[in-house]
Structures are given as C-alpha cells and as structure tokens.
Amino acid sequence: MCEWNEGRSPHLEMSVELKLKQSNSKIKVVSAGFSQADKVNPLRKAFLLGLGVSAAEIDAHYSTIFNEKHAQADLILVAELPMKAKLLKQWPELAGRVMTVKGFIKGMNPFNEDISEEEARMEDAGGKDIDKKLKLYVEHERLAEQVAKRLIELEAANLLFS
C-alpha cells in the first residue's frame with residue numbers, strides 16, 4: 001500500500017505476484033492506496049515488462065483506494081511508517097496485520113516491528129528525473145524480490161500472519 005497506488009505499490013504487487021506464481025505459491029497479492037490516481041506510468045511499465053510482467057496485467061491495473069476487501073488481508077505492507085499510522089487510525093481493527101515493507105523484509109512481524117521512519121522509508125519515484133526514477137525502480141525491484149522470498153518462506157513453514 002502507498003499513497004496513490006500508481007507507483008510503488010503496483011510495482012510490488014505485480015513483481016511479487018510474478019515471483020510467487022513462479023514458485024507455485026498460493027499467496028494472493030493486491031495493492032491499494034489512500035487516494036486514487038492514474039495508471040502505471042510508461043517508464044515503470046517498460047521496467048516491469050523487462051521483468052516479465054505482462055503488458056495486459058500492467059494495463060489492467062487501475063489505482064484503487066484501500067477498502068473493506070483489502071482490510072480482509074492477512075498482512076498489509078505499507079511503503080512508509082507514517083502510512084502505517086494513518087492506516088491504523090482509519091482502520092484500528094487492522095492492528096497486528098500492518099507493517100512496513102522494509103520491516104517485513106528485515107524479519108520483523110506486525111507485533112514486533114521496531115524500525116525508524118528513515119529505515120522504513122520506501123522512496124517514491126514521482127517527480128524525479130528519469131535517471132533517479134530508474135534507480136528507484138531497481139531499488140523497488142530489490143525489495144519485491146525480498147518480499148517474495150520471505151512470503152514463500154513463511155508459506156512453506158505455515159507461518160502466515162492470520
């Protein structure tokens with residue numbers, strides 16, 4: 001989950017989903033935002049195509065506002081620590097199921113996440129020049145790989161958060 005559901009969160013959704021499918025995982029991944037925005041931008045689309053995400057999947061993505069459907073998830077990963085606080089303020093019943101992407105890949109869980117705002121920050125590529133965007137896409141992809149790896153490990157050990 002991120003602010004607009006047009007960059008970081010759909011990137012992780014599509015990339016993690018691809019990696020999970022390749023591992024025959026049964027885990028379902030969806031993304032959302034606090035606000036609605038546009039479709040995935042052309043530069044990120046080209047990046048995702050290069051990873052093996054299909055054009056049809058990328059084109060089918062529409063920015064989605066977090067709702068009751070998303071609130072049913074076993075685990076909700078957010079791009080930044082302030083987003084965790086904002087989401088829990090709006091949806092207090094999600095306590096114990098929300099954490100940051102970086103906290104998750106560090107091996108924490110929703111009950112013991114202890115991470116600084118700076119450590120947890122997953123920088124947004126919006127408004128950056130092309131070179132900076134591409135560097136951030138590479139970083140987002142590195143995070144997606146780690147998220148997928150951890151999800152696969154948790155699934156294999158039957159240690160999901162529900």
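These exercises work through the helix packing and a few single residues of a predicted model.

**Exercise 1. Helices H1 and H2**

Task: At what angle do H1 and H2 pack, and how far apart are their axes? Which residues make the contact?

Solution:
- Step 1. Locate the helices. H1 covers residues 8-22, and H2 covers residues 42-51.
- Step 2. Read the geometry. The angle is about 10 degrees, and the axes lie 11 Å apart.
- Step 3. Classify the angle. Angles under 35 degrees count as roughly parallel. H1 and H2 are therefore roughly parallel to each other.
- Step 4. List the contact. H1 supplies Arg8, His11, Met14, Ser15 and Leu18. H2 supplies Arg44, Phe47, Leu48 and Leu51.
- Step 5. Sort the contact of H1 with H2 by class. Five residues are nonpolar, two are polar and two are charged.

**Exercise 2. Helices H1 and H8**

Task: Describe how H1 packs on H8, with angle, axis distance and handedness.

Solution:
- Step 1. Locate H8. This helix takes in residues 130-156.
- Step 2. Read the geometry. H1 and H8 pack at about 45 degrees, with axes 9 Å apart.
- Step 3. Classify the angle. Roughly parallel needs an angle under 35 degrees, and roughly perpendicular needs 65 to 115. H1 and H8 are therefore oblique to each other.
- Step 4. Give the hand. H1 passes H8 in a right-handed crossing.
- Step 5. List the contact. From H1 come Arg8, His11, Leu12, Ser15, Val16, Lys19 and Leu20. From H8 come Tyr137, His140, Glu141, Ala144, Glu145, Val147, Ala148, Leu151 and Ile152.
- Step 6. Sort the contact of H1 with H8 by class. The split is nine nonpolar, three polar and four charged.

**Exercise 3. Helices H2 and H8**

Task: How closely do the axes of H2 and H8 come, and at what angle do they cross?

Solution:
- Step 1. Read the geometry. The axes come within 11 Å and cross at roughly 40 degrees.
- Step 2. Classify the angle. H2 and H8 are therefore oblique to each other.
- Step 3. Give the hand. The crossing of H2 and H8 is right-handed.
- Step 4. List the contact. H2 brings Leu43, Arg44, Phe47 and Leu51. H8 brings Ile130, Lys133, Leu134, Tyr137, Val138, His140 and Glu141.
- Step 5. Sort the contact of H2 with H8 by class. Seven residues are nonpolar, one is polar and three are charged.

**Exercise 4. Length and burial of H1 and H8**

Task: Check the span of H1 and of H8 against 1.5 Å a residue. Then find which residues of H8 are buried.

Solution:
- Step 1. Take H1. Its 15 residues should span 21 Å, and its end C-alpha atoms are 21 Å apart, so the two agree.
- Step 2. Take H8. Its 27 residues should span 39 Å, and its end C-alpha atoms are 39 Å apart, so the two agree.
- Step 3. Score the burial of H1. In H1, 13 of the 15 residues are buried. H1 is mostly covered.
- Step 4. Turn to H8. Its buried residues are Lys133, Leu136, Tyr137, His140, Glu141, Leu143, Ala144, Val147, Ala148, Arg150, Leu151 and Leu154.
- Step 5. Name the cover. The elements over the buried residues of H8 include H1, H2, strand S1 (76-78) and helix H6 (101-105).

**Exercise 5. Methionine 122**

Task: Is methionine 122 buried or exposed? What does methionine 122 touch?

Solution:
- Step 1. Place the residue. Methionine 122 sits in the loop between helix H7 (117-120) and H8.
- Step 2. Apply the cut-off. Buried means under 20% relative accessible area. Methionine 122 has 2%, so this residue is buried.
- Step 3. List the neighbours, leaving out residues up to four places away in sequence. Methionine 122 touches Arg8, Leu12, Ala79, Glu80, Val101, Lys102, His140 and Leu143.
- Step 4. Take one distance. Methionine 122 and histidine 140 are 18 residues apart along the chain, and their C-alpha atoms are separated by 7.7 Å.

**Exercise 6. Two asparagines and an alanine**

Task: Where do asparagine 5 and asparagine 24 lie? How accessible are asparagine 5, asparagine 24 and alanine 46?

Solution:
- Step 1. Take asparagine 5. This residue lies in the segment before H1. Its phi is positive, near 60 degrees. At 0% relative accessibility, asparagine 5 counts as buried.
- Step 2. Take asparagine 24. This residue is in the loop between H1 and H2. Its phi is also positive, near 60 degrees. With a relative accessible area of 64%, asparagine 24 is exposed.
- Step 3. Take alanine 46. This residue belongs to helix H2. Its relative accessibility is 44%, so alanine 46 counts as partly exposed.
- Step 4. Add a distance. Alanine 46 and leucine 94 are 48 residues apart along the chain, with C-alpha atoms separated by 34 Å.

Technical notes:
Residues numbered from 1 in each chain as written. Predicted model: local features only at pLDDT ≥ 70, side-chain atom pairs only at ≥ 80, totals over all residues. Heavy atoms only, no water. Axes fitted to C-alpha atoms, helices over the stretch in contact; angles between N-to-C directions. Helix = DSSP H or I, 4+ residues; strand = E, 2+ residues; numbered from the N terminus. Parallel < 35°, antiparallel > 145°, perpendicular 65-115°, else oblique. Contact = heavy atoms within 4.5 Å. Nonpolar A, V, L, I, M, F, W, Y, C, P; charged D, E, K, R; others polar. Expected span 1.5 Å × (residues − 1). Buried < 20%, exposed > 50% of the residue type's maximum accessible area, 1.4 Å probe, protein only. Left-handed = near helix turned anticlockwise from the far one by under 90°.
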